[in-house]
Structures are given as structure tokens and as C-alpha cells.
Amino acid sequence: MTDQSLFSLRNPWFSAGVGITGAIVVLSAVAGLIWLPLMQPDLKLVGIWDAICSAAGVPRAAGPGASIKPDFKTSNVEMTSEMLTQADQVSIGRGATLAQRCAICHGPQGVSDANSPNLAGQFAAVTYKELNDFKAGARVNVVMSPFAAAMTDQDMKDVAAYYAYLPRVPSKSLDTALPAPAIVATGAPMRNIPPCGSCHGDIDNKAGSPWLGGQSEVYIKAQLQAFASGGRRNDISQQMRNIARQMTSDEIDQAARYYAAQP
Amino acid sequence: MLTNKRLILAHFWLAFIVFAVALVLGAWQMFVRSPLNAWHINPELYYRSVTAHGSAMGYVFPTLIAMGFGYAITEASLEKPLVGRSWAWAGFLLVAAGAVVAMVPVSLGLASVLYTFYPPMIGNPFYYIGVVMVVVGSWIWVALMSINFVAWKRENPGKPVPLAMFANVAGSLLWGWTAVGAALEILFQILPVALGLRSSIDAGLARVFFSWTLHAIVYFWLMPTYIAYYTIFPRAIGGRLYSDAMARISFILFVVVAMPIGVHHLFADPQVGAGFKFMHSVFTGLVALPTLLTVFTICASAEIASRLRGGRGAFGWIKALPWSNPIMLATALSLVMLGFGGAGGLINMSYQLDTTVHNTQWITGHFHLIFGGAIVIMYFAIAYDLWPHLTGRALESFGLMRTQLWLWFIGMIVTTFPWHYVGVLGMPRRMAFYDYANPAISPEAFSVAMSAVGGLILLISGALFLLVLVRGQLGARGEADAYRFAVPLHMPVRIPAALNSFGLWLALMVGLTVVNYGFPIAQLIALNETSVPAVYVGVGR
Ligand code: HEM
Ligand SMILES: [Cu+2]
């Protein structure tokens, strides 16, 4: 027997193989795309075509009122991993000039003695995002917000590039021998808290997560408490609020002390 | 008649070396996340290890076994030297080089994305390039198997192709087509992002492509095992294969229905419609058929062998089987693990039940039992069976082989039964750290510790396995007779063209793929705004 006669309806293997396969396809398609969806009143389908579209996974536009707008401002920055990772010298230079206004609080080298956050060596995308959020009103701070309000988008990029370019300076409380507390090293899986380092560096760095090492203990603690209480809510998709709300006050203290002691 | 012994041995040795390294990592993973270990490491190391272990065990090890065994089958069953010998070496070198290229970034912590790639996570491009090299190397093998098959048929018109070769070509064709999904995913979606040409990725579409590969790849892993069931086991226990035609039909069914069912890995994913999930479920149900046929045929073949040896009674014949024969032992233990694993698989394939075990440790327990247990134990059997013919030296440590096989079986049961159980309790998979002090998770502590002990037993068994092979390689030279495959009860003289060729079945395989995957893929490609920003791992630490 040659293959020629295989592809012929007279060959029982061909007719049975194709016939049975085809029948199963048709039956399962009718059941899966028409019959089963129509059996489900919750889907509120109008007719067969609607059933087929629904079961085939054709997206349907959400009706009005399907999404609830929050009654506060949220961040309008879209974070990506590459955002502002390429600095250019002109931008850094302009940023240096602009940053003189910031030095009284954030320190001439981007390192503050006054519990204002250190900015030296911070990822440019982070500084940029925070400034944007201050300006847009997504993050509010009476001291800081007015400074951001007057900045243009390019100003923010330049300042961010400048601070990213400055070297990190080890803090006064540097103590690399301090062991990482459990909340930092492993998080708390049962409370849905990943290790801090899986976003903030050490393990991995996820877009928009600030570098915490050497930040003032007071500042870190204040931010975690603000996230937990809802006083700060500019974190996209509640990444930090979901974590901070689940932390105990002991854990907040430990994390703040630990990160303040890191380079 | 095995002529290219060094080629085949090279495949097997590399496979088992990769296996040994990955086995150590597996045992370490088991230990390090168990309550026997106070947590002290960077969790990233865990994911690094799981990526290496999964990629080695899932991609490199079984591929090399299938290739090496495939070459052995070609020469032994067709009784002529392999056509395309230098191509075969090129394929081998490509797989070996690919494994190294992939593993370097993984060990540096630059690609801890796990072997399922998990887009939008993106690792170092060399990881993916290495995986593609492994796949392309194996495609050379796929092509060579068909070339040898066709060449033999041309020289022997009208004669049935030996069953072992028929099954081998079935496995190679299945792999050739199923690997296309992951290849499309890597080449068109992941690599452009990993190379920095794009910064966003359609993660939903990428997962659909991966599911195209993910189910049938398990049948590719399974093929050498099933070939051993049908063509080595009956001969090794001094019996005959119950039915040659039944065997061919089983392999054909795998070719046709193993492919269009991968969406059962996406039950919990929103980007595929429920109707297509249902269609894939229907075909998933069908794929149980060839396995049931196989279990029946193999048990019938065992009964024939036993009755030939004087076994009698409804069940008494089981006692009369040659239990001291390692192949007998391996096959029986493999079938037991296949039974338990298959029962678990029925749970995974049901839409509703799957929601209770999805992404829990149940899943890892399940595939270790079936893949690491039922399948890999037959890889051991294949090696034991082939070794004397490849090395020209007898394997004499039968006691050691039996101990090794028993330890693998016991180790697998001790590892995977508690592993399933903690999954039912809700323990998630792919997590580095569990807080066993927490009252919600402490009931799982004992079971996880037990699994870790099982891992240690498996490690010992793996070491014994290598010991047997090394001793075989150093043993006394002895002339092994020609390598033979099992003879069926009724030797086919002429068989229908459908059971001696693949044209029809390939057409059905591709056709079903188009029916079951065409619309979901086309729709996801057509939809705008389905891409998400890539999450690069291992950068900016
Ligand atoms: C000493 C024996 C073994 C032990 C203790 C072991 C343990 C493990 C562990 C702990 C994981 C990670 C699971 C998770 O975190 O979700 C894993 C993953 C995996 N194992 Fe094994 N394993 C062993 C042998 C094998 C064998 C023989 C195979 C197959 C040939 C295999 C294939 C895989 C695969 C493909 C993965 C990847 C799963 C994933 O990425 O979730 N393992 N193994
Ligand atoms: Cu599957």
C-alpha cells in the first residue's frame, strides 16, 4: 500500500481518523462555545453569537460605572525598568544648578543631617517619580510640595539625573555587621510581605523602588507609618501600603534601624 | 548492530552528568526550604538554583536521553549505520554548548526566571539563546530520525518499519512540532526585550505560546519510557509483546492528541476564553487513552512472559515474573508511580479541581512523581540495558542495580507523597522561604521535612546509578551479542500504510493545533494594549 491511497476516503484509516477527530472537534466546540455558556445565567448572554464571543474570550468593553475613581489623586507616572537609566552630562549639569535650591534641606552633597531624605545616589527614576507626585498632589508634604510645584518636567529629569550621579555617602550610623531582621531577610509570607530586598535592592531592584541604605531612621519609620495609615498613598497599585499595613510597629522599627545602618 | 557507539555514549554520559548536578541542586532546594534548615541565605540563590535545576532536568537531560536512545534505536532496529553521522555530532555539540551558554548567566544570578520563563520577568539574553541552541540541536536529531526512517522505507518497500523506530520517529515529530511554541515565544517576544530592542511584552500571549510546548513536552519526556515498555521490557523478561498494532496506535494517538491540549496549563489565566479551555480539556481527556492502552498491553505482555515460565492462576502469574531482573523491577516500579501520578493528573486536568491545587506544591509533587519517578526510572533501565552493548563490557552489579532502583522508588514516594499533601493544605510552590513558626503553616513542617529526607534517598540512589555505569565502563571486556528489541506475539508481515507512516497523523496534529490554538493566538496578536512593561531580573542590585 502506498501513501497515495492513504489520503483517500476509501481508506478506512483515513476516513475513521479524520471523521472521529472532526466529530470530537465539532462536539467539543458546540459544547464549549455554545451550550455551556448558555447554561450559565450569570453571563447574561443574548443569543448564540454572544455566547460564542464570550466563550472564545473576545473582550467586552466594561460598562459605565464599572470602575470606581478614588477620591484622592493617584500617581500619574508610568514606571518602567529602563526609565531614566541613561544619564547625559548636560542634564546632570543643569540638575546641579537647579539642586542648589534644595541643598538647605537635602544637603549640598545630597546627604542630609536633618532627617530630610538623602538623595545622593538615589535612582533617577525614583527622584523623578517622587517630584512628579509632589507636583501632582499624589504625595503631599507641606515642606516639600511647594518646591516641586514650580518645576517643569525637564527640571525634574535634570535634578534626578544629578542626584543619581552623586555618590552615596555612608551614613553616620553605618554598621554593616548589623544582622538583617527577619522582616527584611525573608519578609513574612503568611502576611503577604516579600523580603524588602526583592524590590529595594540587595536581592533585586524593581522599577520605582527607592534605595533605602543610609536613609535616616526617622524618615524611614515615618514613611512606613504614613503608608500604613494611608497618609502617603502615591505608591502605584498600593505596593508599599499593602506591605506597611501588615507590619508590626516592632518590625517597622527594626527595618528602619537596619536600613539606616546600611551603605 | 550499533556502529556509532561513541556518539550514543556521549549523549548518555552528558545527560547523566547534567542529571547528577541538577539532582544535587534539587536535594539542596528541598533541604534549604524545609524546617530542618534555619533560614540564612539570600532567597535569590534559591531561585537561581530552581532555574538551573528546572532547565537542566526539563530541557537538557531528557532531550539528550531521547537523542541518544533515538540514535541507538535507529541503528539497532533498522540494522544499518545511521545516516547523517556528522550532523548528529553537530546536534550534540549544539546541545552541549547551549547548556553551557544558558547555565553561565543562571549561575551568575542574571537569569533567575525559572525554566518556564515567566514573562514579563526578563533575564540575561544568553539564557534564552542557550535554550534555543538546545532546541535547535535537538531539531537536527528530529530531522535525522525522519531521514533515516524514509531512507529505510525506500530500501524496504512494503515492509513494516520496526516498532521501536516507528515509535522513535513519532516522539521526534511530536517534539519537533511542540518545541515551535516556546521557540516562537523566545524569538519573537522574549529575546527582543532581553536584548533591549523593546521594553514591554505581551505576557498573556507569551504564556499561550509556552503552553503550546508545555504539555506535549511531557510526552516527549515520556517517549523513551514508553518505547522501553514496549520494545525492551518484554524481551528482557523473556516474553513477547502482546500486540504490535496496539503499540503503533498508542504512539499515533500521542502524536495526534498530545499537542492541542496545552491550555490546561492556563486554566487560571484570563487571556484565553472558557470555551477554548473546555475544548482543550476534552482532548486532555482523550490523551489518557494511549496510556491506558499501554498499561494494558504491557501487563498482557508480562502475563505472557510469566505463563511461558510456568506462572499460573489469576494472579499467581505475578509471582512467577523474573523479579531479580532489573528491567522487570524498574518497569513494575515505574508503572506503580505512573498509576499514582496519573490519578493526580486527573485532578489537575479538571477545571474545578485544578483551582484547589493550582500553583501549590501539589503540582511540583505531581510532576516529580511522574517525570522524576515513572519516567526517569525507565531512563535508568534503558541505560542498564544498553550499556553492555555500548561499552562492550558486561554490567555485573545486579544487586547494586536493584538497590538503586528500589531506593529511587522509595525516595520518590517519600518525597512526593508529603509534597502532594502539603499542596492540598495550600502550600504555594516556587517560594524560597516558609515561616514554619507561624501557626497557619506549622502543620506542614513535618511533611516538608519528610520530603527532604526523600530527597536525600534520591541523591544516594543517583550516586549508586552513576557508580553502576562507571563500574560498567571499567569492567571486563566481553562480546555482547547484537542488540535486539522485543518480538511481538504475531510478527506483522504487512501492515496498513496508516500504521507505517506519519503523513496522515501529522496532518491531524497540525490541523488540531490550528483549530485549538489558532483563534486564541490570533486574537491576542490582534488586540492592542495587551503588553506590560518588562521586569528585568538581576539588574541594578
Ligand atoms: C533529589 C531529587 C529531587 C529533588 C529533591 C527535587 C526537588 C525540587 C525542588 C525543591 C524544586 C523546586 C520546587 C519549587 O520551589 O516550586 C524542583 C523543581 C523542579 N524539578 Fe526537581 N527535584 C529532584 C529531582 C528531579 C528530577 C529527577 C526531575 C526530572 C528529571 C526534576 C525536575 C524538576 C523540574 C522540571 C523543576 C522545575 C519546577 C519549577 O520551576 O517550578 N527534579 N525540584
Ligand atoms: Cu499538561
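How do the residues of the shell around ligand 1 divide into nonpolar, polar and charged? In this predicted model, the shell holds 14 nonpolar, 8 polar and 3 charged residues. Together, 25 residues surround ligand 1, and the ligand itself sits in the largest cavity.

A helpful next step is to see where this shell comes from. Five helices of chain B each supply at least two of its residues. They are helix H1 (5–32), helix H2 (43–78), helix H14 (361–391), helix H15 (398–424) and helix H16 (445–474).

The closest residues to ligand 1 are B:Tyr46, B:His53, B:His368, B:Arg429 and B:Arg430. For three of these residues, individual atom pairs can be followed in the structure above. An N or O atom in the side chain of B:Tyr46 lies 2.7 Å from an oxygen atom of ligand 1. In the case of B:His53, an N or O atom of the side chain is 2.6 Å from a nitrogen atom of the ligand. The side chain of B:His368 likewise places an N or O atom 2.7 Å from a nitrogen atom of ligand 1.

Chain A can be approached through its database record. An unreviewed UniProt entry carries the annotation "domain: Cytochrome c", which covers residues 90–167 and 182–263 of chain A. In the span 90–167, 56% is helix and 0% is strand, and the end C-alpha atoms lie 18 Å apart. For residues 182–263, the end C-alpha atoms are 19 Å apart, with 50% of the span in helix and 2% in strand.

Methods. Residues are numbered from 1 along each chain as its sequence is written. Chains are lettered from A and ligands numbered from 1 in the order in which they are written. This is a predicted model: local features need pLDDT of at least 70, side-chain atom pairs count only at pLDDT 80 or more; totals for chains, interfaces and linings use all residues. Side-chain values use heavy atoms; hydrogens and water are left out. A residue is near a molecule or strand if one of its heavy atoms lies within 4 Å of it. A polar contact is a pair of N or O atoms within 3.5 Å; within protein, one must be able to donate a hydrogen and the other to accept it, and residues adjacent in sequence count only if both atoms are side-chain atoms. On a 1 Å grid over the protein atoms alone, a cavity is a set of points where a 1.4 Å probe fits but cannot get out, and a pocket is an open set with protein on both sides within 12 Å along at least five of seven lines; lining residues have an atom within 4 Å of a point. A molecule sits in a cavity or pocket if more than half of its atoms lie within 2 Å of its grid points. Helices (H or I, at least four residues) and strands (E, at least two) are DSSP runs, numbered from the N terminus. Ala, Val, Leu, Ile, Met, Phe, Trp, Tyr, Cys and Pro count as nonpolar, Asp, Glu, Lys and Arg as charged, and the others, Gly among them, as polar. UniProt positions are given in the numbering used here, feature names are shortened, and annotations may be inferred rather than shown by experiment.
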